Amino acid sequence: MPENPALDVEGLTVRYGATVAVDALDLHVPRGQTVALLGSNGAGKSSVLNATLGLFRPAAGHVRLLGRAPADAIRSGGVGAMLQHGGLPSETKVGEVLTLVRRRYADPWPLEDLLATAGIEGLLGRGVDALSGGQRQRVLLALALAGAPPLLVLDEPTSAMDVEGRQAFWTTMRGLADRGHTVVFATHHLDEADAVADRVVVVDAGRVVADGSAAAIKSRVAGRTVSFRCPGSRDGLTGLPGVTAVGGVGELVELATSDAESTLRALLADRASLPGLEVRGATLEQAFLHLTTQHTTTQHPTTRTVDERSTR
Ligand SMILES: Nc1ncnc2c1ncn2[C@@H]1O[C@H](COP(=O)(O)OP(=O)(O)OP(=O)(O)O)[C@@H](O)[C@H]1O
């Protein structure tokens, strides 16, 4: 019999009064996938994750986690969560909270490994009220991991972390994926999604507007950037075939082009050389902006097309 998917969301609709935060959203995540939810502020990411965890009853739709109702899946220790406004009991020490939470599980994540994985080895004796924002997030991550759950749901887990903390988090996520855990996380860090997730789901106005690998999503932006060094005049660059924008700082020229080949041909017809020439595809950030601005100007959300849905 096939294994139940880690997450199965069907027709999820979340309303706050007149605001439709999530609009008939479907999301199916097989076991073992690392999925990044991307979206601008207010796109609906937290609402999706909170409803998925059964924190409130959605206006419509249904959710199954590991084949069970959210409350059952969580009660059985199958799901670890880290919410955006997750709290820690005040006037306690990190070690005390961790011990308390680990005790809930018959087979908790081995302590030494848990501390190293979350990067909190030095914090056990620290009062939770004395933690920095990033340290607090690492402790919350440790609590989410404490039961070694097969499914992790994390809402902007690195928002308060410094670059080092975020890189450690990426390593942790890759390690979890290698051990077969499913991770679904919301983030504003596109580089994080690019580096960690094997699937990126872009949400806009409560709907999925793109769903696929980071590479597939990037390839939706047809344009390329042609860059080179140009100490002289920039006159005429705007009028080159395909060029949609001219940028760059100092000697560096960056041409956004919808037809890199024609742009290059015209440049080379005019110049003996193009020092430092580079032709790049879109970054995930450019693709994200393209997808979200394209859709925020759409008059009728129901007519949006979704052509990157993953069937994995
Ligand atoms: N408790 C609430 N009451 C009323 N409206 C809400 C509530 N929570 C969220 N919203 C609204 O629902 C929409 C989706 O919000 P949500 O927090 O899910 O977005 P998000 O993508 O997680 O945003 P962010 O990246 O800023 O955290 C927004 O318009 C928001 O203002």
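Helices and strands are named here as DSSP runs, numbered from the N terminus. The model is predicted. The protein chain holds 10 helices and 13 strands. Its C-alpha atoms fill a box of roughly 70 × 45 × 40 Å along the principal axes. Of the 312 residues, 38% count as buried. Among contacts between residues at least 6 apart in sequence, 69% join residues at least 24 apart.

The ligand comes next. Strand E2 (19-29) and helix H1 (45-52) each supply at least two residues of the shell around the ligand. H1 gives the most, with three residues. The residues around the ligand are Tyr16, Thr19, Ala21, Gly39, Asn41, Gly42, Ala43, Gly44, Lys45, Ser46 and Ser47. By class, three residues of this shell are nonpolar, seven are polar and one is charged.

E2 also belongs to a sheet. Three strands form this open sheet, in the order E2-E1-E4, and the pairing is antiparallel. E2 and strand E4 (60-65) stand at the edges. Each has a single partner strand, so one side of each is left without a neighbour in the sheet. The twist averages 20° from one strand to the next. Seven bridges join strand E1 (residues 7-16) to E2, and the two run antiparallel. Within this pair, Leu12 stands opposite Leu25 in E2. H1 packs on the sheet and touches E1, E2 and E4. The direction of H1 makes about 120° with that of E1. H1 thus appears in two settings: in the shell around the ligand and on the sheet.

Strand E7 (residues 182-187) is mostly covered. Six of its six residues are buried. In a regular strand the side chains alternate between the two faces of the sheet. In E7, Thr182, Val184 and Ala186 point one way. Val183, Phe185 and Thr187 point the other way, and all are buried.

E7 has parallel partners. Strands of a sheet pair through backbone hydrogen bonds, either parallel or antiparallel. Strand E3 (residues 34-38) is joined to E7 by five bridges, and these strands run parallel. The bridge partner of Leu38 in E7 is Thr187. Strand E6 (residues 151-155) also pairs with E7 in the parallel sense, over five bridges. There, Val153 stands opposite Val184 in E7. Thr187 and Val184 are thus both bridge-side positions of E7, and they point opposite ways from the strand. A helix links into this arrangement: E6, helix H6 (residues 163-178) and E7 make a right-handed β-α-β unit.

A further open sheet has four strands, in the order E11-E12-E10-E13, with antiparallel pairing. Strand E11 (243-247) and strand E13 (278-280) stand at its edges. Each has a single partner strand, so one side of each is left without a neighbour in the sheet. The twist averages 20° from one strand to the next. Six bridges join strand E10 (residues 224-229) to strand E12 (residues 252-257), and the two run antiparallel. In this pair, the bridge partner of Arg224 in E12 is Thr257. Helix H9 (residues 260-270) packs on the sheet, touching E10, E11, E12 and E13. The direction of H9 makes about 20° with that of E10.

Two loop residues have a positive phi. Glu91 is one of them: its phi is near 60°, a positive value in a residue other than glycine. Glu91 is found in the loop between strand E5 (79-82) and helix H3 (94-103). Only 12 or fewer other C-beta atoms within 10 Å make a residue exposed. Glu91 has 8, so it counts as exposed. Ala148 has a positive phi of about 45°, although it is not a glycine. Ala148 lies in the loop between helix H5 (133-145) and E6. With 17 other C-beta atoms within 10 Å, Ala148 is partly exposed.

How values were computed:
Residues numbered from 1 in each chain as written. Predicted model: local features only at pLDDT ≥ 70, side-chain atom pairs only at ≥ 80, totals over all residues. Near = placed C-beta within 6 Å. Nonpolar A, V, L, I, M, F, W, Y, C, P; charged D, E, K, R; others polar. Pairing = 2+ DSSP bridges. Axes fitted to C-alpha atoms, helices over the stretch in contact; angles between N-to-C directions. Contact = placed C-beta atoms within 7 Å. Buried ≥ 20, exposed ≤ 12 C-beta atoms within 10 Å, placed from the backbone. Right-handed = clockwise from strand over helix to strand, strands pointing away.
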